[in-house]
Amino acid sequence: MTAINAAKIVILATDGYERSELRVPYDQLKAKGANVKIASIKDGEIKSWDKKDWGDSIAVDLSARNVRSDDFDALVLPGGQINPDVLRHNEDAMRVVRDFVKSGKVVAAICHAPWLLVEADALHGRDATSYCSIKTDLKNAGANWKDEKVVTDHGIVTSRSPDDLDAFVGKIVEEVEEGRHDRRAA
């Protein structure tokens, strides 16, 4: 078990992440004392999508190719349409997702980010949620899709949209503090 104020959390994103879905977990987890790092498939800064146009940027702390699940307690995957679609076609990003799923550590995906869990074949037989427009994608991947603010299945946390961010972050904290989750392969 890891207290949230001692937790190390990595957020994996690239250009086009939904601004609130990265910033709210980043800010709230840091405010609770967690050490939060931003990983990406590119160096420098990544630019957000904020409602209807490009938003601000955030500095990248480390490359996805250098992320090791042993170094962190949780992986957070913000959504937006662009961000997860680009990441699911990148082998470094997908290795990170697969490694965290295999590790039993917390993996949290919101909005369109469950596409990464679909690509990692991590949802078969699991309860999950997502933005409504990708519900069929999750069902086709074998997930038991639920229309709820946040759904957790053995440390895999999914959420629907920015409207659900407080519940999403609260569940991340709860799951991190529970510790590693024994879970069957999807």
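## From one strand pair outward

Begin by selecting lysine 8, and then asparagine 35, which is its bridge partner in strand β3. What you see is a predicted model, in which local features need pLDDT of at least 70 and side-chain atom pairs count only at pLDDT 80 or more, while totals for chains, interfaces and linings use all residues. Residues are numbered from 1 along each chain as its sequence is written, and side-chain values use heavy atoms, with hydrogens and water left out.

**The first strand and its partners**

Now widen the selection to residues 8-12, which form strand β1, and to residues 35-40, which form β3. (Strands, E, of at least two residues, and helices, H or I, of at least four, are DSSP runs numbered from the N terminus.) These two strands run parallel and are joined by five bridges. Select valine 10 next, whose bridge partner in β3 is lysine 37, while its bridge partner in β7 is leucine 75. Strand β7 also runs parallel to β1, and three bridges join the two. Is β1 largely enclosed or not? Four of its five residues are buried, so β1 is largely enclosed by the rest of the structure. (Buried means under 20% relative accessible area, exposed over 50%, and partly exposed in between, with a 1.4 Å probe and protein chains only.)

**The sheet of seven strands**

Colour the strands of the open sheet in the order β6-β3-β1-β7-β8-β12-β11, and you will find that the pairing is mixed. (Two strands pair if DSSP finds at least two bridges between them.) Which strands stand at the edges? They are β6 (62-63) and β11 (150-153), each with a single partner strand, so one side of each is left without a neighbour in the sheet.

Next, show the helices that lie across this region. Helix α1, residues 19-31, lies across β1, β3, β7 (74-77) and β8 (106-110), and helix α3, residues 91-103, lies across β1, β7 and β8.

**Valine 176 in helix α6**

Move on to residues 165-178, which make up helix α6, and pick out valine 176 within this helix. At 3% relative accessibility, valine 176 counts as buried. Show its surroundings: leaving out residues up to four places away in sequence, valine 176 touches Thr2, Ile4, Ala7, Asp73, Ala74 and Val106 (contact means heavy atoms within 4.5 Å). Draw a line from its C-alpha to that of isoleucine 4, and the two are 6.8 Å apart in space, although they are 172 residues apart in sequence.

**Aspartate 164, in the loop before the helix**

Between β12 (156-159) and α6 there is a loop, and there you can select aspartate 164. Is this aspartate 164 buried or exposed? With 3% relative accessibility, aspartate 164 counts as buried. Its contacts, apart from neighbours within four places in sequence, are Lys149 and Ser159.

**The sheet of three strands**

Finish at another open sheet, whose three strands stand in the order β2-β4-β5, with mixed pairing. Here β2 (17-18) and β5 (53-59) are at the edges with a single partner strand each, so one side of each has no neighbour in the sheet. Strand β4 covers residues 45-50, and two bridges join it to β2, the two strands running parallel. As a last selection, take glutamate 18 together with tryptophan 49, its bridge partner in β4.

How values were computed:
Pairing = 2+ DSSP bridges. Axes fitted to C-alpha atoms, helices over the stretch in contact; angles between N-to-C directions.
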